[in-house]
Amino acid sequence: MDILTNRFKAGLNEGHRQIGLWCSLASSISTEVVAGSGFDWLLLDMEHSANDLRDIYAQIQVMTEGTASAVVRVPSDEPITIKRILDTGVQSLMIPNIDDADQACRAVAATRYAPRGIRGFSQAPRAARFGRIPDYHARCEAEICVVVQIESRRALDNLEEIAAVEGVDGIFIGPGDLSTSLGYLGQQNHPDVVQVVEDAISRIRTTGKPAGILTANEELAHRYIAAME
């Protein structure tokens, strides 16, 4: 067996627009339904939903016949959680609340084996197809995708330094926490917040890294997509 190509990471590297859907129901049935519905990726959320490790495991299993790639948002940059999610075979992670380059470096290190990082070694996890990919540990890094979320004033101040961290594959703006940090609690669509977001998208693009964001507002979705192109 061979390591699966990470289609989501490849799309980011090639500059392709990729539309995703948030999955927060902790249900393998609902995830299986939407996995074949035409989205490029599904965000399996562990930060603000009831999803735990077993839920994620079941959902990535049912996604194998769908068209969407799995991206798991872990609860934090805590290395043990990241290690366990990677061992399930998840290749793309979204890591929330990254405020500076040092934190981004620690998050990336949690996804790399020594000497490049601190990911714990397991001989035959699901990621290595239970030992059927003998060179998994030497080659997996190339297919692991790390997307960090910027969600605060401090993160905005450090945006370019965060983007410059080796191993950060994309920057995702978290408009809920960001708007709160800016003093607009629950007002993600406020004109001042939208202006800050568009400026952040422009800055991310200047770094050469792909930018992402979520919104439930169709008009804003089109506006943000246009800003990324």
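Let us start with two helices: H10 passes H11 in a right-handed crossing. The model you are looking at is a predicted one, and this pair of helices is an easy place to get your bearings. Helix H10 spans residues 191-207 and helix H11 spans residues 218-228; their axes come within 9 Å and cross at roughly 25 degrees. Angles under 35 degrees count as roughly parallel, so H10 is roughly parallel to H11.

From the helices, let us turn to the aromatic side chains. The structure holds five aromatic pairs. One of these brings together Trp22 and Phe172, whose ring centres are 5.8 Å apart and whose planes make an angle of 35 degrees, a tilted arrangement. If you follow the chain to find these two residues, you will meet Trp22 in strand E1 (residues 20-23) and Phe172 in strand E6 (residues 170-173), so the pair ties together parts that are 150 residues apart in sequence. The two partners also differ in their surroundings: Trp22 is partly exposed, with a relative accessible area of 24%, whereas Phe172 is buried at 5%. Neither ring stands alone with its partner, for Phe8, Trp22, Trp41 and Phe172 form one aromatic cluster.

Another aromatic ring has a charged neighbour. Arg126 lies over the face of Tyr57, at 5.6 Å from the ring centre.

Charged side chains also meet one another here, and a search of the whole structure finds 12 salt bridges. Take Asp2 and Arg139 to begin with: their closest N and O atoms are 2.8 Å apart. This salt bridge links distant parts of the chain, with Asp2 in the segment before helix H1 (7-13) and Arg139 in helix H6 (residues 136-139), 137 residues apart. Both ends are partly exposed, since Asp2 has a relative accessibility of 47% and Arg139 has one of 36%.

Next, look at Asp100 and Arg154, whose side chains meet in a salt bridge with an N to O distance of 2.4 Å. Asp100 lies in the loop between strand E4 (92-95) and helix H5 (101-109), while Arg154 belongs to helix H7 (residues 153-157), so this pair ties together parts that are 54 residues apart in sequence. Here the acid is buried, as Asp100 has a relative accessible area of 15%, and the base is partly exposed, as Arg154 reaches 47%.

A further salt bridge joins Arg112 to Glu141, with the closest N and O atoms 3.5 Å apart. Arg112 sits in the loop between H5 and H6, and Glu141 in the loop between H6 and strand E5 (145-150), so the bridge ties together parts that are 29 residues apart in sequence. In this case the arginine is the buried partner: Arg112 has a relative accessible area of 7%, whereas Glu141 is partly exposed at 23%. With Arg112 and Glu141 in view, you can widen the picture to include Arg116 and Glu166, because these four residues are linked in a network of salt bridges.

Technical notes. Residues numbered from 1 in each chain as written. Predicted model: local features only at pLDDT ≥ 70, side-chain atom pairs only at ≥ 80, totals over all residues. Heavy atoms only, no water. Phe/Tyr/Trp six-rings, centres within 6.5 Å; stacked < 30°, edge-to-face > 60°. Helix = DSSP H or I, 4+ residues; strand = E, 2+ residues; numbered from the N terminus. Buried < 20%, exposed > 50% of the residue type's maximum accessible area, 1.4 Å probe, protein only. Lys NZ or Arg CZ within 6 Å of the ring centre and 35° of its normal. Axes fitted to C-alpha atoms, helices over the stretch in contact; angles between N-to-C directions. Parallel < 35°, antiparallel > 145°, perpendicular 65-115°, else oblique. Left-handed = near helix turned anticlockwise from the far one by under 90°.
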